[in-house]
There are 2 protein chains.
Amino acid sequence: MTRVGARPEEDGRPTLEDVAASAGVSRSTASRALNDDGYVSARSREKVQVAARELGYSPNQAARSLVTRRTGAVAVVLSEPEARLLDDPYRTAVMRAGYRELADIGCQMVLIFSDTREDLDRTVRFLDGGHVDGVLVFAPHRTDPLPKALRQLRIPVVYGGQAAGLKRGVHVVDFDNEGGAKLAVAHLVESGHRRIATIAGPQDQSAAIDRLSGWRKTLLDAGLDPADLAEEGDFTLTGGAKAMSNLLARRPDLDAVFVASDMMALGALRTLHSAGRRIPSDVAVVSFDDNATLAPEMDPPLTSVHQDPREQVHAMVETLLAVMDDRDLKPRQRILPVSLTHRASS
Amino acid sequence: MTRVGARPEEDGRPTLEDVAASAGVSRSTASRALNDDGYVSARSREKVQVAARELGYSPNQAARSLVTRRTGAVAVVLSEPEARLLDDPYRTAVMRAGYRELADIGCQMVLIFSDTREDLDRTVRFLDGGHVDGVLVFAPHRTDPLPKALRQLRIPVVYGGQAAGLKRGVHVVDFDNEGGAKLAVAHLVESGHRRIATIAGPQDQSAAIDRLSGWRKTLLDAGLDPADLAEEGDFTLTGGAKAMSNLLARRPDLDAVFVASDMMALGALRTLHSAGRRIPSDVAVVSFDDNATLAPEMDPPLTSVHQDPREQVHAMVETLLAVMDDRDLKPRQRILPVSLTHRASS
DNA sequence: CCAAAAACTGGGAGCGCTCCCAGGAATGCG
DNA sequence: CGCATTCCTGGGAGCGCTCCCAGTTTTTGG
């Protein structure tokens, strides 16, 4: 067996020891040079960096995290039935935002879809296995068993939106859903509308519940009657379309509708168009999400309650870092403000 | 300092040594029992399992992968400009499918969005850092510098769709884009249509190019003239709508259109509706993707060329496993067949 | 010019695991 | 009953890294 060179040839991956040898310094010095901490002379640092580049060195993460007890990875868990997820542009935006925000702090995102019962076990096992330093969880459904299962975790967890069944003791970053709905409906009231319907989201989700209650409260405050004017959708396009036709059938006289998501609004618009209603003159429409690729692109462009996924994830990461810094930080509940983006549909 | 118990209390995480001690066996035996390999007596195995459960033991993955040289993770890289990605339901489906398929073989998916120039460096560094055992790459754009950069990787890579600028030497699983387009257009020809337009995808992507050429070839074979009947979209809803109105302006006499994606078809339908054309009697529409949450839900439901993301990812994972098994497997180019799903739009 | 401080270096220990190997216990068979 | 075979066990080495510490060199300043 003829083998050229020393260790690096063994399996193609040079180790820190190889770099050190090639640079003519010790492993310790090489480590200090590459992580630049501690005292290293400019000469040594230079030599080490050159050697590392020449050998194509990249540190073995497993070895590093074995001793540092840090993985440099954060999990983002999306707990939602499959079909929903595909349809929900807000979730897509969240993934993207998660990736960016975590990259900004030098962390890798590990995306986890948790849906079925067996997913739950696997998810918990994974998260508890030391693969990641922290977890961001989106589990909108109130009956979701995941949040309870996550209590046993030994790593920091931050929730995006209310965590099912865990009022206290967890870190949450949510949007002001009720406030946003009030904003939207108040705007419709001020514009002179009197028969303001709503297409609500599924009432097993806090966000949907809060948006519905915001609508109801604002109507009552304005002395308007909400009876017969609410219909529940499922946050999908077809769900929105169906809810809209139900509403039209029941209350053909409605003059405005507050829709709890952009996607459902897309469906509602389709129904309104084929029913020959003009927007906003016959029926004004205001929705919720203000998704960048949906709301402004519709016909007509939608007035929508603006919530920025990036902002939410940013706040979540901020909280996560705080918890990693101080393990028994007292639970933080942050409610982010929302605003109304005014467009042609109202 | 009063401290109860032994090591486990130190930082809350019991080690294999702790489990072994608690079970009254050696570390080696405990390891064998938990990974069930080698010889372990039923008695020992039982004791170890009980101890592990009681202590809430979960193995330290860093330590394990340090010695096994396996991480149990596979990266899925999506290289695409931000805006595109949000809009593209096929990509969402790919993420989901990737998660499922990888979970099935006991691997964790690490999702990576690579978009900007700096992403590229970070991505390569990460992939080469030993975080993952293999990579699945979706880089549809021909000018994308990523595939070239990935050549230096020391771990297996499999591409979904043609890899930019790398004809040979890489593993690819693609769909038969040209064949699918031919299927679609042939169907329109057989139904008696003669002025068959197309809304193509961006011509910097292989898939889009192949679909366009499939359309062209089929027309020529049928003795039809493709002149003035092709318009380029960008795979988005609004892009599809715009392309459709351009086509209508140029060729008001068109009687069918082959659209290169469901999303663009959604836009095209909108334009056709507001132009008062009836579907399929005035204009027949056939699209590409057959996305489960789009094609069947449209008005009318779309005839579409069916390609299953799950099938593609499955084949990619299969290939990946083969390469991990045999590092210098000769490059595999798999082309998956597609079929036509017939619905009301044609 | 010399002691103290600061700057720098290398070796050793050890993170928690798997794998190899030597040795002991149980079992088989002539 | 003796010996080979299978079964089972524990100890040791070592994966590649970081951190600690002791030792050496350089710089500082009275």
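How many residues of chain B are in contact with residues of chain A? In this predicted model, 38 residues of chain B are in contact with 38 residues of chain A, two residues being in contact if their C-beta atoms, placed from the backbone, lie within 7 Å. Residues are numbered from 1 along each chain as its sequence is written, while chains are lettered from A and ligands numbered from 1 in the order in which they are written. Because the model is predicted, local features need pLDDT of at least 70 and side-chain atom pairs count only at pLDDT 80 or more, whereas totals for chains, interfaces and linings use all residues.

**The two protein chains**

On the side of chain B that touches chain A, at least two residues each are supplied by helix 4, helix 5 (82-87), helix 6 (89-104), strand 2 (108-114), helix 7 (117-128) and helix 11 (237-250) of chain B. Here helices (H or I, at least four residues) and strands (E, at least two) are DSSP runs, numbered from the N terminus. Helix 6 of chain B gives the most to this side, with 6 residues. By class, the side of chain B that touches chain A has 17 nonpolar, 12 polar and 9 charged residues. In this division Ala, Val, Leu, Ile, Met, Phe, Trp, Tyr, Cys and Pro count as nonpolar, Asp, Glu, Lys and Arg as charged, and the others, Gly among them, as polar.

A turn of 180° and a shift of 0.0 Å along the axis lay chain B on chain A with an RMSD of 0.1 Å. That is the relation of a two-fold axis. The superposition is by least squares on the C-alpha atoms of residues with pLDDT of at least 70 in both copies. The same surface serves both copies, since 100% of the contact residues of chain B recur in chain A.

**The DNA strands**

A residue is near a strand if its C-beta atom, placed from the backbone, lies within 6 Å of it. The table sets out the surroundings of each DNA strand.

| DNA strand | Residues around it | Closest residues | Classes |
|---|---|---|---|
| C | 25 residues | A:S26, A:S28, B:T15, B:L16, B:A63 | 10 nonpolar, 12 polar, 3 charged |
| D | 25 residues | A:T15, A:L16, A:A63, B:S26, B:S28 | 10 nonpolar, 12 polar, 3 charged |

Helix 4 of chain B gives the most to the surface near DNA strand C, with 5 residues. For DNA strand D, the largest share, 5 residues, comes from helix 4 of chain A.

**Buried and exposed residues of chain B**

A residue is buried if 20 or more other C-beta atoms lie within 10 Å of its own, exposed if 12 or fewer, and partly exposed in between, with C-beta atoms placed from the backbone. In helix 2 of chain B the buried residues are B:T29, B:A30 and B:A33. Seen down the helix axis, they fall within an arc of 100°, so they line one face of the helix; the arc is that of the directions from the helix axis to the C-beta atoms. Helix 1 and helix 3 (42-55) of chain B are included in what covers them.

B:D262, in helix 12 (residues 262-274) of chain B, is buried, with 28 other C-beta atoms within 10 Å. Leaving aside neighbours within four places in sequence, B:D262 is in contact with residues including B:S287, B:D289 and B:N291. By contrast, B:P81 lies in the loop between strand 1 (73-79) and helix 5 of chain B and counts as exposed, with 10 C-beta neighbours inside 10 Å.
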